[in-house]
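Colleague: I would like to learn how to read the ligand sites and the backbone of a model like this one. Could we go through them slowly, with the general idea before each case?

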Amino acid sequence: MPTPSKLNKDPHNHYFDLGAARQVPETHAWEGLHEHPVVDGGVGAGEDAVPVVDMQDPHAAEAVARASEQWGAFLLQGHGVPRELLARVEAGIAGMFALPKTDKMRAARQGGDPYGYGLPHIALYFSKTMWSEGYSLSPTNLRPELRKIWPDAGHDYSQFCGVMEEFHKEMRALADKLMELFLVALGLTGPQIAGVEAEHKLTETMSETIHLNWYPKCPDPKRALGMKAHTDSGFFALLMQSQVPGLHLFRHGPPADRWVEVPAVPGALVVNIGDLFQILTNGRFRSVYHRAVVNRDRERISLAYFLGPAANAKVGPLKEVVGGGRPAYRALTWPEYIIVRKEAFANGGADLEFTKGGTALEMVSINPDDDDGMDDQGDISS
Ligand SMILES: C=C1C[C@]23C[C@H]1CC[C@H]2[C@@]12CCC[C@@](C)(C(=O)O1)[C@H]2[C@@H]3C(=O)O
Ligand SMILES: O=C(O)CCC(=O)C(=O)O
Ligand SMILES: [Fe+2]
């Protein structure tokens, strides 16, 4: 049996048991966490109330449009995923993360692997370590992946795989409906939506990733950070969170730049727009800069279901959205965008609060005075 340190080559993946920690070590103490005030985003918070969209509401598309333009995120209700299933998923995730570190380390993500257990991918860009553990999974490869953690494929394995498969089926169907709702929200007509679907096979070819997050209790939550602020890179993410708030959405002033705490609404999912969706919608729908904080008394679990384009699809502004205007971004694939974002992080210096999520998008935006970009249209753009 190799020692845990040999099982993971990622230098950030310290073999450090967060669950048992009595204090926050320097390696996990972040600077600048309190630069902006944190405000409540619950119903009744006025301007700061996180928008709520009820999918059953006949005016849902308008609500999606407003939220996507102004926030890049919203709480989703009436989505049809049973609350009881969400509870089973959460319990299963909690059980998985509660396994001994040595079990989890068998599934450790190595270097550039997209899938596996460990810290989130962006951890590599920062010198401080987040107060969380993550696990990225391909929903189409669940069983072989989870066998790494449960090699004997016993009861816990079958149960967890079963509940995740049931959940995945629901999420896949919901994601297709949500994509359609987004296209309606963009103002596309029925025939235009059918055209976009026929031409780009958007829903059919979308790639899916499930990312599990576990934020253990933290003895000094003001110094630690669960998930460093970022924008998701894909089209959009559907987020399930435990009944413990922790997700913060960044909002620019006036009155002041601030973090809005998303309330934990039973049964609701959070929808976050990602950078490639901002590109696809020619900047009309904005990606949301967000982070997750930790707390002293309660652990927190979240699951992000990411939807994005197929890896080989070039994503540029939809011509139906650009209309007679100009495309604001050049077309590129998801993997290409990840490389741009890596450069953006490198340019900004690892620990600076520099991006507010914008820099990588700026790097792929087309300067109106530069005619080059006009030729730069690709598969999902023209
Ligand atoms: C499909 C995705 C989306 C990824 C990369 C890959 C698998 C894991 C996702 C996350 C999850 C945690 C935040 C993030 C920023 C990270 O570091 O890993 C996400 C990233 C992205 O949205 O870019
Ligand atoms: O835990 C959360 O609420 C946020 C997680 C997140 O941003 C992510 O997984 O991309
Ligand atoms: Fe995220």
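Colleague: In which pocket does ligand 1 sit?

Modeller: A word on conventions comes before that: this is a predicted model, in which local features need pLDDT of at least 70 and side-chain atom pairs count only at pLDDT 80 or more, while totals for chains, interfaces and linings use all residues. Residues are numbered from 1 along each chain as its sequence is written, chains are lettered from A and ligands numbered from 1 in the order in which they are written, and side-chain values use heavy atoms, with hydrogens and water left out. A pocket, on a 1 Å grid over the protein atoms alone, is an open set of points where a 1.4 Å probe fits, with protein on both sides within 12 Å along at least five of seven lines, and a molecule sits in it if more than half of its atoms lie within 2 Å of its grid points. By that rule ligand 1 sits in the largest pocket, and ligand 2 sits in the largest pocket as well.

Colleague: Which residues come nearest to ligand 1?

Modeller: A residue is near a molecule if one of its heavy atoms lies within 4 Å of it. There are 13 residues around ligand 1, of which His 121, Ile 122, Thr 209, Ser 233 and Arg 341 come nearest. Polar contacts (pairs of N or O atoms within 3.5 Å) give more detail: oxygen atoms of ligand 1 lie 2.6 Å from a side-chain N or O atom of Ser 233, 2.8 Å from one in the side chain of Arg 341, and 2.9 Å from a backbone N or O atom of Ile 122. On its own ligand 1 has 450 Å² of accessible area (Shrake-Rupley method, 1.4 Å probe), and the protein covers 93% of the 450 Å².

Colleague: Which elements give two or more residues to the shell around ligand 2?

Modeller: Elements are DSSP runs numbered from the N terminus, helices being H or I with at least four residues and strands E with at least two. For ligand 2 they are β6 (207–215), β7 (227–230), β12 (290–292) and β13 (300–308), and β13 provides the largest share, four residues. For ligand 1, β6, β7 and α11 (334–348) each supply at least two residues.

Colleague: What polar side-chain atoms lie by the oxygen atoms of ligand 2?

Modeller: A side-chain N or O atom of Asn 213 is 3.0 Å from an oxygen atom of ligand 2, while His 230 and Asp 232 each place a polar side-chain atom 3.3 Å from an oxygen atom of this ligand. The protein buries 98% of the 300 Å² that ligand 2 exposes when taken alone.

Colleague: How many bridges join β9 to β10, and in which sense do these strands run?

Modeller: Two strands pair if DSSP finds at least two bridges between them. Strand β9 (residues 247–251) and β10 are joined by four bridges and run antiparallel, with Phe 250 opposite Trp 259, and a hairpin of six residues connects them. On β10 (residues 258–261) there is also a parallel pairing with β1 (residues 38–40), over three bridges, in which Asp 40 has Glu 261 as its bridge partner.

Colleague: Which peptide bonds in that loop are cis?

Modeller: Most residues other than glycine have a negative phi, and most peptide bonds are trans. Here the bond from Gly 253 to Pro 254 is cis, with omega near 0 degrees, and the bond from Pro 254 to Pro 255 is cis, with omega near 5 degrees; Pro 254 and Pro 255 are both placed in the loop between β9 and β10. Elsewhere, Lys 201, which is not a glycine, has a positive phi of about 50 degrees, and Lys 201 lies in the loop between α7 (190–200) and α8 (202–205).

Technical notes
Polar contact = N/O pair within 3.5 Å; in protein donor to acceptor, adjacent residues only side chain to side chain. 1 Å grid on protein atoms, 1.4 Å probe; cavity = no way out; pocket = protein on both sides within 12 Å on 5 of 7 lines; lining within 4 Å.
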